[in-house]
Each structure stands twice: as C-alpha cells, then as structure tokens.
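The following exercises concern a single protein chain and are each followed by a worked solution. Please consult the sequence and the structure while working through them.

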Amino acid sequence: MVTAGASEALYVCTQTLFNKGDDILIPNPGFLAYSSYAKLAESNPVEVTASFENGFKLTVADVQEKITDKTKALILNSPSNPTGAVMDKEDIKGIADLATDHDFMIIADEIYEKIIYGKKHYSPGAYSDNVITINGFSKTYAMTGLRVAYLAGNEVINEELLKVHQNCVACASSIAQKGALEALTGPQDAVKSMIKKFSRRRDLIVSSLRDMGYECSDCDGAFYAFPKIERPQEFVKKAAEAGVVCVPGAPFGSAGKEHVRMSYANSYENIEKAMNIIRDLKY
C-alpha cells in the first residue's frame, strides 16, 4: 500500500493493530515518534534497551526479556535513527522467530535500508509472516517533501490497514507517486554516489569525535552519529550558540540521556567546520 510518507504508514499500522492496554515494544534509543504512535492508540510503549556497548544494536535477548502475554507488537528500526546502528542477521532472524512463536507483529521501519556502509541490510519480513515492512523514498532518493512511502504485509492485514488509510489521507499524491516510480525503476547511480559521500562524512564525524575524546559507536547506517557527551543539554545549547545545531539524546529514550544526536546530512566542508567549532567549545 502506498502511503503519504513513512509517518503515515506507521500511524496506519498502530491505529489498525493496537488496542487500549496493549504493550508495544519500542527500541531504546529509538525514533521519538514510536512512543507517540503507541500512546495515540492508547497502548503502552515498552522500551527495549539496546546497549551502547553493543553499538546500540538490539539483540534477541533484549527483546525476549520484555515479552509478556500483553505484548502486541514490536517496532523495529534498522538502520536506526538516532544511533546509526545496523542489526546483525542472527538477531533479525531470531527476533522474527520470537514474533512467530509468541504471536506478535513486527512493524519494520526500513526507511534507511539503502544507506549502509560496509554491512548488509536484513529484513525480518524474510523470516516471518508476522511482519509489516515500511519503506519509502525520503532518504534513499532525497524526496522528503514529496511524502511518498509504502508498506507491505499479508493480504488479510493489508485489507484492514486500507480502511484506516482511506479515511485518513485518501491517497498519496499521484504526482509524488509518479516521481517515486521513476526513482525506483531508473538508474541507481545517484544513490550509490550519495551513499559514498555519506560514508566519507560518517568517517569524518566519527573520527573527529573520537579524536576529541568522545565515545561514539561505528554508525554503520543512516546519517546520524550518537556520541556519549557529558551534560548533553548544556553541550547542545553551547553548540547552537556557536553555530552548530544538534539535539539531546534524552527524547529518544532513557538510554539516550547521556548522548547527543548529530546529523551528517550536510556537506563535508560544513561538517569539518562544525567539528572545529565543537573542538574549541567551552561548556
């Protein structure tokens, strides 16, 4: 089903599937809207913590520990916003097996699927029928403002999702859909070139932060770094005053409270400037 962006796809899934009192497992740290979607459906967001020591990658054990008879779904995001973590195949498959065994749904937010450096993307949809896969064009094809994405699930669930979708937005823009089709079926050279540039920027920001003494995971995907920084609120304020915009990690979950999210969806030259400013930052 084509949707008006991945955000609408997530909203449709949560409004269709979640009921009052359900437990919804969400990654911690994770995209801050996941918790909001669960609450809008009167469900309970339950944080599943991905440890900094494991590069913020969720494991089978992390998820299994949180499963109860009230667990209705897990929202999974790899590559991750805000951490850039890319989950391992063994954990993706293992978590998919848990969904089958315990009869809960996985909503797989795979919007950063193509933006990966030196690793491979694995989808839980390859290992279980209890999966709805969400993807789109905002990140891979830089079509953010055109608001076009899609979701894929089994036919029975899709019929139910369609009822919410039709009464929410009717349809994604037909003009945006034409553009998305051309992006998907046309040459992919621009995508490869963009990812190569992102990889170079990732290397710059991660190595710069580490040189300054900040702990930072490898950030194998997406375009975010999530370094561990003391007094993050104060750091963010001082950085903004000096001309560098980043955001505190606390809104992304309790495991993000000692971190700061930095986006490197910017030019290499601007990232160099930003790192020089941060290097001289007094806070």
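**Exercise 1. Burial and pairing of a strand**

How many of the six residues of strand 6 (residues 131-136) are buried? Determine also what lies on either side of strand 6 in the sheet.

Solution. The model is a predicted one.

Step 1. Buried means under 20% relative accessible area. By this criterion six of the six residues of strand 6 are buried, and the strand is described as mostly covered.

Step 2. Separate the two faces. Val131, Thr133 and Asn135 lie on one side, while Ile132, Ile134 and Gly136 lie on the other; both sets are buried, and thus both faces are covered.

Step 3. Identify the parallel neighbour. Strand 5 (residues 105-109) pairs with strand 6 in the parallel sense over four bridges. Within this pairing, Ile106 has Val131 as its bridge partner, and Ala108 has Thr133.

Step 4. Identify the antiparallel neighbour. Strand 7 (residues 149-152) runs antiparallel to strand 6, to which four bridges join it. Here Gly136 stands opposite Ala149.

Step 5. Place these pairs in the whole sheet. The sheet is open, has seven strands with mixed pairing, and follows the order 1-7-6-5-4-2-3. Its edges are strand 1 (2-3) and strand 3 (44-49), each of which pairs on one side only.

**Exercise 2. A helix and its cover**

Establish the span of helix 7, list its buried residues and state which elements are included in their cover.

Solution.

Step 1. Helix 7 comprises 23 residues, 189-211. From its first C-alpha to its last it reaches 33 Å, close to the 33 Å expected at 1.5 Å a residue.

Step 2. The buried residues of helix 7 are Val191, Met194, Ile195, Phe198, Ser199, Arg201, Arg202, Leu204, Ile205, Val206, Ser208 and Leu209. In reading such a list, recall that an α-helix has 3.6 residues a turn, so residues three or four places apart point the same way.

Step 3. The cover over these buried residues includes strand 8 (224-225), strand 10 (260-263) and helix 9 (268-279).

Step 4. Just after the helix, Gly213 takes a positive phi of about 95°.

**Exercise 3. An arginine in the helix**

Is Arg202 buried or exposed, and why? Which residues does Arg202 touch, leaving aside those up to four places away in sequence?

Solution.

Step 1. Arg202 is located in helix 7. Arg202 counts as buried because its relative accessibility is 11%, and the cut-off is 20%.

Step 2. Apart from residues up to four places away in sequence, Arg202 touches Tyr117, Asp218, Cys219, Asp220 and Tyr264.

Step 3. For one of these contacts, the separation along the chain can be set against that in space. Tyr117 and Arg202 are 85 residues apart along the chain, and their C-alpha atoms are separated by 9.1 Å.

**Exercise 4. Two pockets**

Describe the two largest pockets by volume, lining and residue class.

Solution.

Step 1. The largest pocket has a volume of about 350 Å³. It is lined by 18 residues, of which Val244, Val245, Ser263, Asn266 and Ala274 are the closest to its centre.

Step 2. Helix 9 contributes the most to this lining, with six residues. Strand 10 and helix 9 each supply at least two residues. By class, the lining of the largest pocket has 12 nonpolar, four polar and two charged residues.

Step 3. The second largest pocket holds about 250 Å³ of space. Its lining has 15 residues, and the closest to its centre are Ala6, Ser7, Phe31, Ile111 and Lys139.

Step 4. Helix 1 (residues 5-17) provides the largest share of this second lining, three residues. The classes there are seven nonpolar, five polar and three charged.

**Exercise 5. Enclosed space**

How many cavities of 30 Å³ or more does the structure hold? Characterise each lining.

Solution.

Step 1. There are two cavities of 30 Å³ or more.

Step 2. The largest cavity has a volume of about 90 Å³. Among its 14 lining residues, Pro27, Phe56, Leu58, Asn77 and Ser80 are the closest to its centre. The lining of the largest cavity has nine nonpolar, five polar and no charged residues.

Step 3. The second largest cavity has a volume of about 30 Å³. Strand 4 (71-77) and strand 5 are the elements that give two or more residues to its lining. Residues lining this second cavity include Asn77, Ala108 and Asp109. By class, its lining has five nonpolar, three polar and two charged residues.

Definitions and conventions
Residues are numbered from 1 along each chain as its sequence is written. This is a predicted model: local features need pLDDT of at least 70, side-chain atom pairs count only at pLDDT 80 or more; totals for chains, interfaces and linings use all residues. Side-chain values use heavy atoms; hydrogens and water are left out. The expected span of a helix is 1.5 Å times one less than its number of residues. Buried means under 20% relative accessible area, exposed over 50%, partly exposed in between (1.4 Å probe, protein chains only). Contact means heavy atoms within 4.5 Å. On a 1 Å grid over the protein atoms alone, a cavity is a set of points where a 1.4 Å probe fits but cannot get out, and a pocket is an open set with protein on both sides within 12 Å along at least five of seven lines; lining residues have an atom within 4 Å of a point. Grid points are joined across faces, edges and corners, and a volume is the space filled by probe spheres set on the points. Ala, Val, Leu, Ile, Met, Phe, Trp, Tyr, Cys and Pro count as nonpolar, Asp, Glu, Lys and Arg as charged, and the others, Gly among them, as polar. Two strands pair if DSSP finds at least two bridges between them.
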